[in-house]
Amino acid sequence: MGYNSRRAALVIIEVFLERMAVYDLRPVDFSVLSLVTHNPGITSRQLCSTLGIQAPNLVGMVNAMEKRALIVRRPHPHDGRAMGLHPTPTGEEMMREAEKTAAKLEIETTSRLNTAERKTLMQLLKKIYK
């Protein structure tokens, strides 16, 4: 099971890295920007929890995205100690394009599967990690 899932992941990740290079996004950067875009105001703590990453690792990513004007920090409306992360218009536009690219590459890299098989595979994979 592990061998086959790893081989499949490597095929998809190789194409992902290639296609996301134009956006200068690694898989984890893509995940962070996607979550911020779809959940404006999400906190760093929530990102770490959702993605299973350590806070020190997230700090550098958030700083880099802020420097690239993809996200901004704003005070959280309910927790005075927390900062919410919000996409900028530039970040939103980049994420829209990157998500289109990702959807296309997933279809291409799983072209041997039909739509129902692709859906079943996603459901089964989620059962393993959720």
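This report describes the fold, the side-chain pairs and several individual residues of one protein chain.

The model is predicted: local features need pLDDT of at least 70, side-chain atom pairs count only at pLDDT 80 or more, and totals for chains, interfaces and linings use all residues. Residues are numbered from 1 along each chain as its sequence is written, and side-chain values use heavy atoms, with hydrogens and water left out.

## Overall architecture

The secondary structure of the protein chain consists of 6 helices and 3 strands. Helices (H or I, at least four residues) and strands (E, at least two) are DSSP runs, numbered from the N terminus. Read from the N terminus, the order of the elements is α-α-β-α-α-β-β-α-α. The C-alpha trace spans about 50 × 30 × 25 Å along its principal axes.

Of the 130 residues in the chain, 31% count as buried. Buried means under 20% relative accessible area, exposed means over 50%, and partly exposed lies in between (1.4 Å probe, protein chains only). The chain exposes about 9,000 Å², and carbon and sulfur atoms supply 57% of that area. Accessible areas come from the Shrake-Rupley method with a 1.4 Å probe; for residues, only the protein chains shown count as cover.

Contact means heavy atoms within 4.5 Å. Among contacts between residues at least 6 apart in sequence, 54% join residues at least 24 apart.

The chain carries 19 positive and 13 negative charges, and the mean positions of the two sets are 6 Å apart. Lys and Arg count as positive and Asp and Glu as negative, while His and the chain ends are not counted. The place of a charge is taken as NZ of Lys, CZ of Arg, CG of Asp or CD of Glu.

## The aromatic pair

A pair of aromatic rings is described by the distance of the centres and the angle of the planes. A search of the whole structure finds 1 aromatic pair. Phe16 and Phe30 form this pair, which is edge-to-face, with 5.4 Å centre to centre and 85° between the planes. The pair links distant parts of the chain: Phe16 belongs to helix α1 (residues 2-20) and Phe30 to helix α2 (residues 27-38), 14 residues apart. Rings of Phe, Tyr and Trp (its six-membered ring) pair if their centres lie within 6.5 Å; planes under 30 degrees apart count as stacked, over 60 as edge-to-face and the rest as tilted. Phe16 counts as buried because its relative accessibility is 11%. Phe30 likewise counts as buried, at 14% relative accessibility.

## Salt bridges

The structure holds 6 salt bridges. A salt bridge is a side-chain nitrogen of Lys or Arg within 4 Å of a carboxyl oxygen of Asp or Glu. The table presents examples.

| Residue pair | Closest N to O distance |
|---|---|
| Asp24 and Arg68 | 3.9 Å |
| Glu66 and Arg73 | 3.3 Å |
| Arg96 and Glu93 | 2.7 Å |

Asp24 lies in the loop between α1 and α2, and Arg68 in the loop between α4 (55-67) and β2 (71-75), so the pair ties together parts that are 44 residues apart in sequence. Asp24 is exposed, with a relative accessible area of 52%, whereas Arg68 is partly exposed at 32%.

Glu66 is partly exposed at 32% relative accessibility, and its partner Arg73 is partly exposed at 34%.

Arg96 and Glu93 are 3 residues apart in helix α5 (residues 89-109), so about one helical turn separates them. Arg96 is partly exposed, with a relative accessible area of 45%, and Glu93 is partly exposed at 36%.

## Individual residues

Arg118 is found in helix α6. Arg118 is buried yet has no salt bridge, and the nearest side chain of opposite charge, that of Glu117, is 7.4 Å away. Apart from neighbours within four places in sequence, Arg118 is in contact with Glu106, Ile107, Thr110, Ser111 and Leu113.

Leu125 also has its place in helix α6 (residues 115-129). Leu125 counts as partly exposed, at 34% relative accessibility.

Met83 belongs to strand β3 (residues 83-87). Met83 is partly exposed, with a relative accessible area of 40%. Leaving aside neighbours within four places in sequence, the contacts of Met83 include Ile42, Thr43, Ser44 and Arg73. The C-alpha atoms of Met83 and Glu117 are separated by 41 Å, the two residues being 34 residues apart along the chain.
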